[in-house]
Amino acid sequence: PSAKEDNPFLGLRSIRFLLRNPSVFSQQLRAFLRAGEGADIGIMFPLVAGVDDFVEARDMVRNCIRELDAENVPHNAKPRLGAMVELPSVVETAEDLATQADFLSLGTNDMVQYILGVDRTNAAVAEYYVPHHPGVLRAVSRVIAAGRNAGIDVSICGEMAGDARLIPFLIGVGVRSFSLDPRKIPTVRQQISQIKVAEAERLAQRLLDSATLAEVEKILGE
């Protein structure tokens, strides 16, 4: 049994657990590759800390593909491989990671927590969980730009993807793929259809130039 962790958000989970337990990871990857035969599939690694984690996970996938080839087992030999962007370390190395990955996805719920050092499930500090914090907005913009420069898709998921106040900003910095609760799709689609990209870009730049929450909130409230 696993030892109890005092702070599981910073503990042994996601890709860290899988890389620590290659037999479990290999079983999952082989099953995924076999199930994906003949389809366009993507495998996304969560909680990567940088290029090293991604490359190690990618090598595991390639090893599984070689094994399945040798065993003559039908499978998908060319899955797209991506990473979930959640940690500040990945934001800081996004340009490097984007040259290695086939796609990226901004996991905004956890990303906001990690950037601001706030447990969003803790009512005592809930007021500090602010998705429109200047540091968060700049992080989103940087990752989107890294993906654009590398020619790969960067999607966004989490609460930010469905936040009506922030959708114009997201469009303005170049987000074009949204992962949403199905119930929110019609509303978000309608809002996006009414957004003029040039205006969204100007709004995004004003927000990125803002140094304080007060400035951001004033702009968002206009």
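Colleague: In which loop does S210 lie?
Modeller: In this predicted model, the helices on either side of S210 are α10, residues 197-208, and α11, residues 213-220. S210 therefore has its place in the loop between α10 and α11.

Colleague: Does S210 count as buried or exposed?
Modeller: Leaving aside its neighbours within four places in sequence, S210 is in contact with P134, R138, E215, V216 and I219. Its relative accessibility is 2%, and the cut-off for a buried residue is under 20%. S210 therefore counts as buried.

Colleague: What is the order of the strands in the open sheet, and which are its edge strands?
Modeller: The open sheet has five strands with parallel pairing, in the order β1-β2-β3-β4-β5. Neighbouring strands of this sheet are turned by 25° against each other on average, direction ignored. Two of the strands pair on one side only, and these edge strands are β1 (42-45) and β5.

Colleague: Which residues of β1 point to one face and are buried?
Modeller: In a regular strand the side chains alternate between the two faces of the sheet. Along β1 the side chains alternate as well, with G42 and M44 pointing to one face and not buried. β1 pairs with β2 in the parallel sense over four bridges, and I43 stands opposite L81 in β2. The residues that point to the other face and are buried are I43 and F45.

Colleague: How many residues of β4 are buried, and what is the bridge partner of I156 in β5?
Modeller: Strand β4, residues 153-157, is mostly covered, with four of its five residues buried. On one side β4 pairs with β3, residues 103-107, in the parallel sense over five bridges, and there I156 is the bridge partner of L106. Three bridges join β4 to the parallel strand β5, residues 177-179, where S155 stands opposite S177. The count of buried residues in β4 is therefore four of five, and the partner of I156 in β5 is F178.

Colleague: Why is α6 described as oblique to α7?
Modeller: Helix α6, residues 108-116, and helix α7, residues 134-150, have their axes 10 Å apart and pack at an angle of about 125°. Angles over 145 degrees count as roughly antiparallel and those of 65 to 115 as roughly perpendicular, so an angle in neither range, nor under 35, is called oblique. The crossing of the two helices is right-handed, and the angle of about 125° makes α6 oblique to α7.

Colleague: Which residues make the contact of α6 with α7, and how many of them are nonpolar?
Modeller: On the α6 side the contact is made by M111, V112, I115 and L116, and on the α7 side by V136, A139 and V140. By class, the contact has no polar and no charged residues, and its nonpolar residues number seven.

Colleague: Against which elements do the buried residues of α6 pack?
Modeller: Helix α6 is mostly covered, with seven of its nine residues buried, namely T108, N109, D110, M111, V112, Q113 and Y114. The helix is followed by G117, whose phi is positive, near 65°. The buried residues of α6 pack against β2 (80-85), α4 (88-92), β3, α7 and β4.

Notes. Residues numbered from 1 in each chain as written. Predicted model: local features only at pLDDT ≥ 70, side-chain atom pairs only at ≥ 80, totals over all residues. Heavy atoms only, no water. Axes fitted to C-alpha atoms, helices over the stretch in contact; angles between N-to-C directions. Left-handed = near helix turned anticlockwise from the far one by under 90°. Contact = heavy atoms within 4.5 Å. Nonpolar A, V, L, I, M, F, W, Y, C, P; charged D, E, K, R; others polar. Buried < 20%, exposed > 50% of the residue type's maximum accessible area, 1.4 Å probe, protein only. Pairing = 2+ DSSP bridges.
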